[in-house]
Each structure stands twice: as structure tokens, then as C-alpha cells.
Amino acid sequence: MTLGLLFPGQGSQHVGMGRELALAYPEAAETFERADDVLGFSLSRLAWEGPEEELTQTKNAQPAILVHSVAAHRVLSVRLEGRVATAAGHSLGELSAHVAAGTMAFEDAVRVVRKRGELMFASGQERDGTMAAVLGLADEAVESICARVSEEGSVVVPANFNSSGQVVVSGDTEAVERAMAALKDGGAKKVVPLNVSGAFHSPLMKSAEDGLTEVLESTDFRDPSFPVVSNVTAGAVTSGDDARELLIHQLTSPVRWSSSVATMLEAGVEAFAELGPGSVLCGLNRRNAKGVPCAALGAPEAIEDWEVS
């Protein structure tokens with residue numbers, strides 16, 4: 001069976017993440033240990049014991065999720081060999097996907113995502129921004145309303161096209177508030193403000209993009225061993241240079257997730273595996289890939305029970 005690998009993004013973290021995996025598998029424990037060495041503090045203890053408010057900080061959540069995802073991939077590496085057609089990751093998860101594909105060294109990715117989280121938080125402090133989830137409106141309607149309510153110096157844009165009828169918008173706080181009212185008036189079933197530290201995947205992340213450019217330009221990239229679908233284009237990336245460039249632009253571009261999953265299906269994927277904490281992406285696949293199996297493989301029991309023909 002041809003597999004597509006999915007890697008979760010920020011928001012999937014939780015206290016205890018990866019602990020049982022590390023207790024059950026030496027390769028998972030070693031992955032967390034290597035991350036601790038790279039960062040110079042015990043990320044593993046933070047992930048496993050909290051406190052939650054510290055783990056949730058962008059600079060901590062991003063490397064914790066990446067490490068858990070890579071640990072799961074390493075545990076499964078023998079079973080996955082020769083079966084993976086393509087991979088994709090939601091925002092931060094795209095870096096996890098590139099580690100799995102060999103585009104980036106694990107240690108480099110840990111350093112990059114730690115800095116990425118710091119830069120994104122700093123951008124949010126420089127310019128007040130927020131995000132909101134919109135349910136029950138077509139992508140085009142959300143785009144149109146965002147364009148209509150944006151003003152010079154106060155913008156709101158679609159940030160995540162997660163699935164049919166589920167879009168996240170991002171921008172200046174006052175613009176997002178205007179958009180929330182207009183989206184409700186425009187027929188949205190539900191509009192939910194999100195508890196975030198900035199306007200991710202919007203023009204407000206420009207300073208973070210500039211900082212990440214410096215970091216990634218000094219990081220070694222290789223051609224991936226299997227295609228990784230880009231959040232920015234929803235196209236398959238097969239070049240290390242292209243991967244670097246698209247990861248830079250990802251911070252100010254929308255995550256085209258539903259289109260990314262469609263690209264994976266077009267590549268012949270017959271089943272999906274979500275590697276890391278939670279099962280958010282498998283949940284989205286109930287709309288994005290109806291009828292196609294999706295297994296969330298972040299804990300030992302799920303990995304042991306997983307059968308792939």
C-alpha cells in the first residue's frame with residue numbers, strides 16, 4: 001500500500017507528548033536526548049512534565065512537536081521503507097516532513113524551529129495581531145470578505161485553508177474583529193477567535209520571514225528522498241534549494257492544506273499516517289480524503305496496532 005506521511009503543526013502539543021514513545025523505544029528516547037543536547041536544556045522534561053503554559057509558548061511547542069514527530073518516524077522507519085510516496089506537514093510540520101525525507105539534518109531542524117518560534121513570537125509582539133477559525137463558508141467567500149474589510153495599515157487575510165468549509169484568517173487584531181463580524185453576516189456557521197501570540201501566515205510575519213531567511217540560508221539542504229508537498233504552492237518539492245526558499249515564504253503565505261492533501265492523493269497515496277502528537281490532520285482528512293485510511297501514530301499502542309498491507 002502506498003503511503004502519505006502527515007506531520008502536525010503548532011496546537012497539537014500537550015503535556016506528556018512523546019513520553020510513552022520514549023519509554024517504549026530506544027530510538028525515540030535517543031531522539032529526545034539529541035534535541036536536549038542541541039538546545040542546551042531539557043526539552044524532553046518540558047514536553048513530558050510541563051508546565052503547560054511554558055510548553056505552549058511558540059518557541060517551545062514548535063521544537064517539541066518536531067522532535068515527537070521525528071521520533072515516531074524513526075520508530076517506524078523499517079516498516080515505512082519503500083512505501084512512502086510523498087509527505088506534507090502543516091506549517092511547522094513541513095520541517096518535520098523534510099527531516100523525514102532527509103532534506104535537513106535533525107539537529108539543524110531543531111535549531112531552526114526553535115529560532116522560527118522565537119521569531120514568530122517577536123513579530124507578534126512588534127505588531128498586534130490575531131487569528132480566527134471560520135466554519136461553513138467557501139474559500140472564495142472568506143477571501144472576498146477579508147479583502148473587503150482590510151484597510152491600509154490594517155489587514156486580514158486567509159491563513160489556513162484546512163478543509164472544505166474550514167478556513168483560518170489572520171491579521172491585525174482590529175481587522176480580524178471586523179472580519180469576524182462580516183463573516184458571520186456573510187453566512188459562516190461559526191467564527192471562533194484563536195488564542196495565539198501573533199498573526200501567523202500573514203503579512204504581519206514579515207520580520208520573522210526576514211530573520212528566518214538568514215537562518216535557512218546558512219543551513220544545509222539536500223534533495224529529499226521523496227517529494228514533500230509545500231504549504232505555499234501545494235506542489236511537490238524535489239529540490240533542496242526549492243525547499244529552503246518555500247520554507248522562508250511559508251511564514252507570510254497561507255497554508256494550502258486541503259490542496260496539499262489533494263496533491264498527495266494525485267500522487268497515488270492509498271493510506272495516510274500522521275506522525276507526532278494528536279490526530280488533527282487525520283480529523284481534517286475526513287473531509288480532505290474521504291474514505292482513505294488515516295492512522296495517528298504518536299503513541300506505542302497505536303504504532304503496535306497499526307497494520308499496513
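**Exercise 1.** Which residues in α10 meet which residues in α11, and how are the two helices placed relative to each other?

*Solution.* Before starting, note that this is a predicted model, in which local features need pLDDT of at least 70 and side-chain atom pairs count only at pLDDT 80 or more, while totals for chains, interfaces and linings use all residues. Residues are numbered from 1 along each chain as its sequence is written, and side-chain values use heavy atoms, with hydrogens and water left out.

Step 1: from α10, the residues Glu209, Leu212, Thr213, Leu216 and Glu217 meet Arg244, Leu247, Ile248 and His249 of α11, where contact means heavy atoms within 4.5 Å. By class, this contact of α10 with α11 has four nonpolar, two polar and three charged residues; Ala, Val, Leu, Ile, Met, Phe, Trp, Tyr, Cys and Pro count as nonpolar, Asp, Glu, Lys and Arg as charged, and the others, Gly among them, as polar.

Step 2: helix α10 covers residues 206-217 and helix α11 residues 240-249, and their axes come within 9 Å and cross at roughly 160°. Axes are lines fitted to C-alpha atoms, for helices over the stretch in contact, with angles running from 0 to 180 degrees between N-to-C directions. Helices (H or I, at least four residues) and strands (E, at least two) are DSSP runs, numbered from the N terminus.

Step 3: α10 and α11 are therefore roughly antiparallel to each other, given that angles under 35 degrees count as roughly parallel, over 145 as roughly antiparallel, 65 to 115 as roughly perpendicular and the rest as oblique.

**Exercise 2.** Describe how α2 and α7 cross, and then follow Arg114 of α7.

*Solution.* Step 1: the axes of helix α2 (residues 26-39) and helix α7 (residues 106-126) come within 10 Å and cross at roughly 55°, which makes α2 oblique to α7.

Step 2: in α2, Thr31, Arg34, Ala35, Val38 and Leu39 meet Phe106, Glu107, Val110, Arg111 and Arg114 of α7. The residues of this contact divide into five nonpolar, one polar and four charged.

Step 3: Arg114 has a relative accessible area of 17% and is therefore buried; buried means under 20% relative accessible area, exposed over 50%, and partly exposed in between (1.4 Å probe, protein chains only). Not counting residues up to four places away in sequence, Arg114 touches Leu39, Phe41, Lys59, Asn60 and Pro63.

**Exercise 3.** Which residues have the most contacts inside the largest nonpolar core, and is helix α6 largely enclosed or open?

*Solution.* Step 1: the largest nonpolar core has 70 residues, and Leu5, Leu66, Leu275 and Trp306 have the most contacts inside it. Such a core is a set of buried Ala, Val, Leu, Ile, Met, Phe, Trp, Tyr and Cys residues joined through side-chain atoms within 4.5 Å.

Step 2: leaving aside residues up to four places away in sequence, Leu66 touches Leu92, Leu95, Ser96, Phe106, Ala109, Val110 and Val113.

Step 3: eight of the eight residues of helix α6 (residues 93-100) are buried, so α6 is largely enclosed by the rest of the structure.

**Exercise 4.** Find where Ser91 and His201 lie, and state the sign of phi for each.

*Solution.* Step 1: Ser91 lies in the loop between β2 (84-89) and α6, and His201 lies in the loop between β6 (190-194) and α10.

Step 2: Ser91 is not a glycine, yet its phi is positive, at about 55°; for His201, likewise a residue other than glycine, phi is positive and near 55°. Most residues other than glycine have a negative phi.
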